[in-house]
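Work through the exercises below with the sequence and the coordinates open. Try each task before reading its solution.

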Amino acid sequence: MRDRWLNRYLAIPLLATFILIAGCGAGGAANSGAINGANTPADKTEGDSTNGQSSGGNANLSIPEPTDPVQEQLAALSTAEKIGQLFIVGMDGTESNEPIRELLQKRHVGGIILYKNNIVNTEQAVGLLNKLKQENKHNPVPLFLSVDEEGGRVSRMPAELVKLPAAGKIGATKDSKAAENLGELIGAELTGFGLNMDFAPVLDVNSNPDNPVIGDRSFSDSADVVSQMGLAEMKGLSGQGIIPVVKHFPGHGDTSVDSHLGLPVVEHDMERLRELELVPFQAAIDAGADVVMVAHLLMPHLDPDRPASFSKAVIQDLLRDELGFKGVVISDDMTMGAISEHYPIGEAAVQFILAGGNIVLVGHEIEKEKAAIQAITEAVEQGTIPMDVLDQRVYEVLSLKQKFKLSDDSAKGPNVKELNQRITQFLTEYKLK
């Protein structure tokens with residue numbers, strides 16, 4: 001009897017010890033998994049705290065890293081969809097058609113530019129833009145819908161809207177508020193149509209009175225005035241949700257050849273460029289410019305072999321490294337004579353991306369648009385454009401689209417009567433009639 005009692009007495013602490021060990025073992029396994037899963041340092045103890053919270057009984061709960069929505073969007077794209085984001089293309093006609101549908105739905109192009117011959121009147125333009133958005137709905141990324149709307153002789157707006165003055169007249173006021181108001185009015189017009197990108201302001205300094213292409217498109221022959229006015233117009237445009245594209249880097253003001261027809265040669269060295277042509281661009285970059293357009297100029301002191309529009313010395317070394325630009329670089333239209341008369345468009349497009357560019361603008365001719373897209377596709381497939389370079393270029397494009405909250409939602413159309421009243425008041429106030 002005594003032996004049976006003694007055995008029971010000894011069994012109780014043994015059982016308790018077994019339960020305790022088993023419980024600790026289970027807890028240790030669970031905690032080990034949490035630590036490994038969260039990459040928590042092994043020397044953390046109960047008294048430590050993480051991210052300002054006492055660890056206590058939850059010492060090993062992991063806190064997820066913040067997600068990058070741009071990276072998530074990029075990762076979800078196919079290679080063909082990524083390549084499409086490197087292009088803004090033009091179209092023929094005043095209605096959507098099979099060639100532009102193919103570029104949208106099979107080539108996944110990231111944007112469209114409209115010219116004067118695409119726009120008849122307000123109703124037609126709104127209908128066309130809404131149709132293009134609708135036809136892009138199957139793509140995971142909304143479109144850039146862009147125009148050259150500077151005021152003066154470079155305007156795409158229909159005749160129902162009162163004409164806005166050229167930049168030269170705005171610059172002559174010496175009032176930056178006038179330039180900001182110009183940007184606001186242009187922005188209000190474009191937003192009403194459903195557009196979201198404007199190839200303006202012009203930051204070229206009008207230093208050559210014989211220049212056949214810039215002239216009064218520039219605010220002034222003074223770099224300081226161009227800087228002041230250009231930044232103000234940028235502010236006005238972006239305040240309306242329109243992406244400003246500053247142009248034509250590194251400066252088209254002192255040329256004697258129209259780059260639509262031939263390749264201008266600019267003989268200035270870096271000392272001269274830093275003193276004049278680059279001043280407004282540096283100011284714009286310092287003010288947070290999102291997009292820079294690079295001109296078709298041959299600048300022998302920077303690169304004797306390639307035009308600025310696909311020169312690494314100009315785009316990567318000067319614009320990005322020296323001036324500190326971190327945004328999106330777009331080429332001037334690759335169908336312009338400066339390129340088409342001298343270089344195969346596919347080669348120019350590939351070299352532009354490798355030189356540090358993001359978006360190839362091909363404004364005309366469906367066959368040239370297809371050729372440029374095909375050339376970049378083959379360059380990616382062959383490794384000439386490495387995947388990490390493609391991803392970086394597209395990441396910057398997607399970042400811009402997300403920053404400005406682009407969407408393919410339909411537009412209602414501008415209030416033409418109200419806009420005309422505002423424009424007339426603006427012209428009267430600054431004596432610009």
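**Exercise 1. Place Phe-193 and decide whether it is buried or exposed.**

Step 1. Find the element. Phe-193 lies in helix 7, which spans residues 176-193. The model is a predicted one.

Step 2. Check the accessibility. Phe-193 has a relative accessibility of 1%. The cut-off for buried is under 20%. Phe-193 is therefore buried.

Step 3. List what surrounds the side chain and backbone. Leaving out residues up to four places away in sequence, Phe-193 touches Thr-122, Ala-125, Val-126, Leu-129, Met-157, Pro-158, Leu-161, Ala-411 and Pro-414.

Step 4. Take one of these partners, Thr-122. Phe-193 and Thr-122 are 71 residues apart along the chain, yet their C-alpha atoms are separated by 7.9 Å.

**Exercise 2. Treat Glu-180 in the same way: which element holds it, and what does it touch?**

Step 1. Glu-180 also sits in helix 7.

Step 2. Its relative accessible area is 12%. That is under the 20% limit, so Glu-180 counts as buried.

Step 3. Residues up to four places away are again not counted. The contacts of Glu-180 are then Ala-232, Glu-233, Lys-235 and Gly-236.

**Exercise 3. Find the buried residues of helix 4 and explain why they lie on the same side.**

Step 1. Helix 4 covers residues 98-105, and its buried residues are Ile-100, Leu-103 and Leu-104.

Step 2. Look down the axis. These residues lie on the same side of helix 4 because they cover an arc of only 100 degrees around the axis.

Step 3. Name the packing partners. The buried residues of helix 4 pack against strand 3 (87-89), strand 4 (111-114), helix 5 (122-135) and helix 14 (366-382).

Step 4. Inspect the N-terminal end of helix 4. Asn-97 caps it. A side-chain oxygen of Asn-97 lies 3.1 Å from the backbone nitrogen of Ile-100.

**Exercise 4. Describe the surroundings of Asn-139.**

Step 1. Asn-139 belongs to the loop between helix 5 and strand 5.

Step 2. With a relative accessible area of 9%, Asn-139 is buried.

Step 3. Look for a polar partner. The side chains of Asn-139 and His-138 make a polar contact at 3.4 Å.

Step 4. Add the contacts beyond four places in sequence: Asn-139 touches Leu-104 and His-108. Leu-104 is one of the buried residues of helix 4.

**Exercise 5. Write down the strand order of the open sheet and name its edges.**

Step 1. The open sheet has 8 strands in the order 9-8-7-6-5-4-3-10, and the pairing is parallel.

Step 2. An edge strand pairs on one side only. The edges are strand 9 (328-331) and strand 10 (360-362).

Step 3. Check a pair inside the order. Strand 5 (residues 144-147) and strand 6 (residues 197-198) run parallel and are joined by 2 bridges. Val-147 stands opposite Asp-198 of strand 6.

**Exercise 6. Trace strand 8 through its two pairings and its crossover.**

Step 1. Strand 7 (residues 243-249) pairs with strand 8 in the parallel sense, over 3 bridges. Val-246 has Val-292 of strand 8 as its bridge partner.

Step 2. Strand 8 and strand 9 also run parallel, joined by 4 bridges. Val-291 stands opposite Val-328. Val-292 stands opposite Val-329.

Step 3. Follow the chain between these strands. Strand 8, helix 11 (residues 312-322) and strand 9 form a right-handed β-α-β unit.

Step 4. Sort the side chains by face. In a regular strand they alternate between the two faces of the sheet. In strand 8 (residues 291-294), Val-291 and Met-293 are on one side, Val-292 and Val-294 on the other, and all are buried. In strand 9, Val-328 and Ile-330 share one side, Val-329 and Ser-331 the other, and all are buried.

**Exercise 7. Summarise the chain and its confidence.**

Step 1. The chain has 16 helices and 10 strands. Of its 433 residues, 53% are buried.

Step 2. Consider contacts between residues at least 6 apart in sequence. Of these, 79% join residues at least 24 apart.

Step 3. The mean pLDDT is 86, and 82% of residues reach 70 or more. Over residues 1-59, pLDDT is below 50. Beyond near neighbours in sequence, that stretch has 15 contacts in the model.

Notes: Residues are numbered from 1 along each chain as its sequence is written. This is a predicted model: local features need pLDDT of at least 70, side-chain atom pairs count only at pLDDT 80 or more; totals for chains, interfaces and linings use all residues. Side-chain values use heavy atoms; hydrogens and water are left out. Buried means under 20% relative accessible area, exposed over 50%, partly exposed in between (1.4 Å probe, protein chains only). The arc is that of the directions from the helix axis to the C-beta atoms. Contact means heavy atoms within 4.5 Å. A polar contact is a pair of N or O atoms within 3.5 Å; within protein, one must be able to donate a hydrogen and the other to accept it, and residues adjacent in sequence count only if both atoms are side-chain atoms. Two strands pair if DSSP finds at least two bridges between them. A crossover is right-handed if, with the strands pointing away from the viewer, the path from the first strand over the helix to the second runs clockwise. pLDDT is the predictor's confidence in each residue, from 0 to 100.
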